[in-house]
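Reader: Got a minute to go through this one with me? I'd like to start with the holes inside and then wander a bit.

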Amino acid sequence: MNQSVDTRRRNFLKASAAVGGGLILGFYVPTRGATIAAAAEPPPPLDPNAWLRIAEDGTVTIIVAKAEMGQGVYTSMPMLIAEELECDWNQIRIEPAPVAPVYNHTVFGVQVTGGSTSVSSSWEQLRTVGAAAREMLIQAAADLWEVAPPACRAENGKVRHLASGREIGFGALSARAARLPVPTRMQLKDPKRFKIIGRSMPRLDTPAKLDGSARFGLDVTIPDMLVAVVARPPVFGAKLKNLRDQKARAVPGVQVVARVPTGVVVAARDFWSALQGREALELEWDEGDGGKLSSESLLKQYAELAKTPGAVARRDGDPETALAAAAKKIEAVYEVPYLAHATMEPLNCVVELGPERCEIWTGTQFQSGDRNAAALAAGLKPEQVTIHTMLLGGGFGRRANPHSDFVSEAVQVAKELKKPVKVVWTREDDTRGGHYRPLWYSKLAGGLDGEGKPVAWSHRIVGQSIIAGTAFEQAMIHNGIDGASVEGAADLPYAIPNLQVDLHSPTNPVPVQWWRSVGHSHTGFVVEGFIDELAAAAGRDPLQFRRELLAGHPRHKGVLELAAEKAGWGKPSAEGRGWGLAMHASFGSFVAQVAEVSVDAKGQIRVHRVVCAVDCGRVVNPDTVKAQMESGIVFGLSAALLGEITLHNGRVQQSNFHDYPILRLDETPEIEVHIVPSQEPPTGVGEPGVPPIAAAVANAVFAATGTRLRRLPMTVERVKEAGKTVTRKS
């Protein structure tokens, strides 16, 4: 059925206006759900910004409010508008949105790209924009021809009078349409009539990336600009005691050496000179207690905490009594390390600061927060700050920093230098001094009855809160529970009558932040590893064991069965190989994966094949969904097999891709992605491909060797440490 939208009821905000002879439209269409951010900006009563422009030559420029970091929003967002507008896809151009309330996330209430919500949060909003523009263009043509609007139809960038066959392009109608009132009610298309949504459309950002004209933050240069690097503390929380900078100032090209709140900045005419200058600095730091930190000491602290009850996130029945009475009881500890985001494009930010304005060019996922932080650092009002969102060479959450660390620092540097500046973080800077996915410790116990059915589940989680101390704290931490810490665990879908999940959120100086798939990145591994352990303890096939416990969850069960079917679950595996499966729901989507692995005599894991099934509701662009699942699997495998940030004497031991590697092409398995057809509203795809893969691989290693892996990454040493029972080899 067609969907009717009343824009009066939905706070339609901006009528049309003629701009350069074209049609320009702006809307605010709030959708379901409450805003997450307590500090969210309220929708404005009127905003001059717009979502699309139709020029006289017929070009349709669509303004995209989400950051393009490889996930395809510069194509999927225009698809939503183009579907309803009935424009010519070849006539579409894209522009990044400025910072303005009209572009705020419809659920979060701030301008941000994250949570795998770009399509789901814009699904109705952007279609409404397209539908309104379409109806205005039809009205304009009908007025011109002196016919009734229902006698006309928009199609492929033109309006056609059905009876006479007359046609006129959108460009020729745009000025006339701009003078019309915006319709207060409009019909969204019946999905059966979709021509663009559901098709694998070519990505609009690809040509510029192929010919080199695409501009990332690092590409930006402005007149009279210096390039700067900052010497930051070697230990989290350390304070600068002494600075000797004569040698740094003597480096050719170095222009300025100065203290800033985050350390010491060295600025030069070029990056290399700035880097050489920084290396010539002689610095003495007061390390405080931070110098005592190590991964081992933190894990010991967490293990002690796990002996005591935490804040209860979920409690069903009486798990203690059920565990005590269980016919069989198993216990396990799972550990996952700190992880870096390791974006391909290092962090960078260009700032031009004047007494009345601040202009910023950077690849950011969090324009609202960055603008406010920049204004605070500059001593200006937020409306005096302009942010140009550049293409992002990878985000994974790092560029949605709730403290806006790299933007705020760059403004502080510009303030000190009194010159335009590009602040560059080397990869070593970010690996050793950035923000990390937290270190997590999970203690579990499960009980089976005499028939092998699970009767009790206890999961105690210990790890730093990524929300505490941010603007999101009030909205996202309740009764001592950071929802991001227990997501994927507290909402366990398996039918176990007695269940408890509780949480400790210790504090320490290590900065933490969301990392692709956030809390699900650790709970997916832990939960799906332990349910596999229960299946093994019950002597049951892991697939059948899960199926029986998911009777009330058809979408979970659906992806599980599809992945198993496509993988050929139940057939004999090749000699020396094992199959493992895992299923996890996150960001509204359901993903199951089957991994086929082998383990050689040295304990080296090789992942040969991954079969993935995803149910993400109605699919907007199938190619994007497949690409996101594939990239999520590769990203998750990198962390599962290789990724680990460790601390020794307070210092991060890794620095760059040579000691914090990501999966190489020759290590990447064959990947198949199968999409469950669905009429449900679209849900996330950017992150849900990550959580199941580590568990699928660990469970496959168990199937191949009998070794149960409970600690990431699954290195050769961990494989030997875990079981010392590598029984087969490829």
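**Cavities, pockets and rings**

Author: Sure. Keep in mind that this is a predicted model. By class, the largest cavity is lined by 11 nonpolar, 3 polar and 1 charged residues.

Reader: How much space lies in that largest cavity?

Author: About 110 Å³. The search of the whole structure turned up 4 cavities of 30 Å³ or more.

Reader: And which residues lie nearest the centre of the largest cavity?

Author: Ser521, Gly636, Ala639, Ala694 and Leu712, out of 15 lining residues. Helix 14 (520–538), helix 17 (622–641) and helix 18 (691–705) each supply at least two residues of that lining.

Reader: What kind of peptide bond joins Leu712 and Pro713?

Author: A cis one, with omega at about 0°. Pro713 itself is in the loop between helix 18 and helix 19 (716–722).

Reader: OK, pockets now. What's the volume of the second largest pocket?

Author: About 940 Å³. It has 35 lining residues, and the closest to its centre are Ala231, Arg232, Pro233, Pro234 and Gly433.

Reader: Which helix gives the most to that lining?

Author: Helix 11, with 4 residues. Several elements supply at least two residues each, among them strand 11 (226–231), strand 12 (239–244), helix 6 (271–279) and helix 10 (405–417).

Reader: What's the mix of nonpolar, polar and charged residues there?

Author: The lining of the second largest pocket has 18 nonpolar, 6 polar and 11 charged residues.

Reader: What does UniProt place at residues 211–289?

Author: The UniProt record, an unreviewed entry, has "domain: Aldehyde oxidase/xanthine dehydrogenase a/b hammerhead" there. In the model that span is 19% helix and 38% strand, and its end C-alpha atoms lie 51 Å apart.

Reader: Switching to aromatics. How many aromatic pairs does the count come to?

Author: The count comes to 11 aromatic pairs. Take Trp123 and Phe194: their ring centres are 6.2 Å apart and the planes are at 85°, so the pair is edge-to-face, given that over 60 degrees counts as such.

Reader: Where do Trp123 and Phe194 lie in the chain?

Author: Trp123 lies in helix 2 (residues 118–145), and Phe194 in the loop between strand 10 (185–188) and helix 4 (206–211). The two are 71 residues apart in sequence, so the pair ties together separate parts of the chain.

Reader: Buried or exposed, those two?

Author: Both Trp123 and Phe194 are buried.

Reader: What about Tyr338 and Tyr436, what sort of pair do they form?

Author: Tyr338 and Tyr436 form an edge-to-face pair as well, 6.3 Å centre to centre with 65° between the planes. Tyr338 is in the loop between strand 17 (328–336) and strand 18 (348–353), and Tyr436 is in the loop between helix 11 and strand 22 (440–448). That puts the partners 98 residues apart, so this is another link between distant parts of the chain.

Reader: Are those tyrosines buried or exposed, and why?

Author: Buried. Tyr338 has a relative accessible area of 1%, so it falls under the 20% cut-off. Tyr436 is buried too, with a relative accessible area of 1%.

Reader: Which residues form one aromatic cluster with them?

Author: Phe236 joins Tyr338 and Tyr436 in one aromatic cluster.

Reader: Where does the charged end of Arg398 sit?

Author: Over the ring of Trp425, 5.6 Å from its centre. There is also Arg708, which lies over the face of Phe702 at 3.8 Å from the ring centre.

Reader: Backbone question. What's phi of Ser116?

Author: Near 55°, which is a positive value in a residue other than glycine. Ser116 is found in the loop between strand 6 (92–96) and helix 2, and at 15% relative accessibility it counts as buried.

Reader: And phi of Val518?

Author: Near 50°, again positive in a residue other than glycine. Val518 lies in the loop between strand 26 (498–504) and helix 14, and it counts as buried at 17% relative accessibility.

Reader: Last one: where does Lys557 lie?

Author: In helix 16 (residues 554–567). Lys557 counts as partly exposed, at 24% relative accessibility. Its C-alpha atom and that of Ile645, 88 residues apart along the chain, are separated by 35 Å.

Key
Residues numbered from 1 in each chain as written. Predicted model: local features only at pLDDT ≥ 70, side-chain atom pairs only at ≥ 80, totals over all residues. Heavy atoms only, no water. 1 Å grid on protein atoms, 1.4 Å probe; cavity = no way out; pocket = protein on both sides within 12 Å on 5 of 7 lines; lining within 4 Å. Points joined across faces, edges and corners; volume = space filled by probe spheres on them. Nonpolar A, V, L, I, M, F, W, Y, C, P; charged D, E, K, R; others polar. Phe/Tyr/Trp six-rings, centres within 6.5 Å; stacked < 30°, edge-to-face > 60°. Buried < 20%, exposed > 50% of the residue type's maximum accessible area, 1.4 Å probe, protein only. Lys NZ or Arg CZ within 6 Å of the ring centre and 35° of its normal. UniProt positions renumbered as here; feature names shortened; annotations may be inferred.
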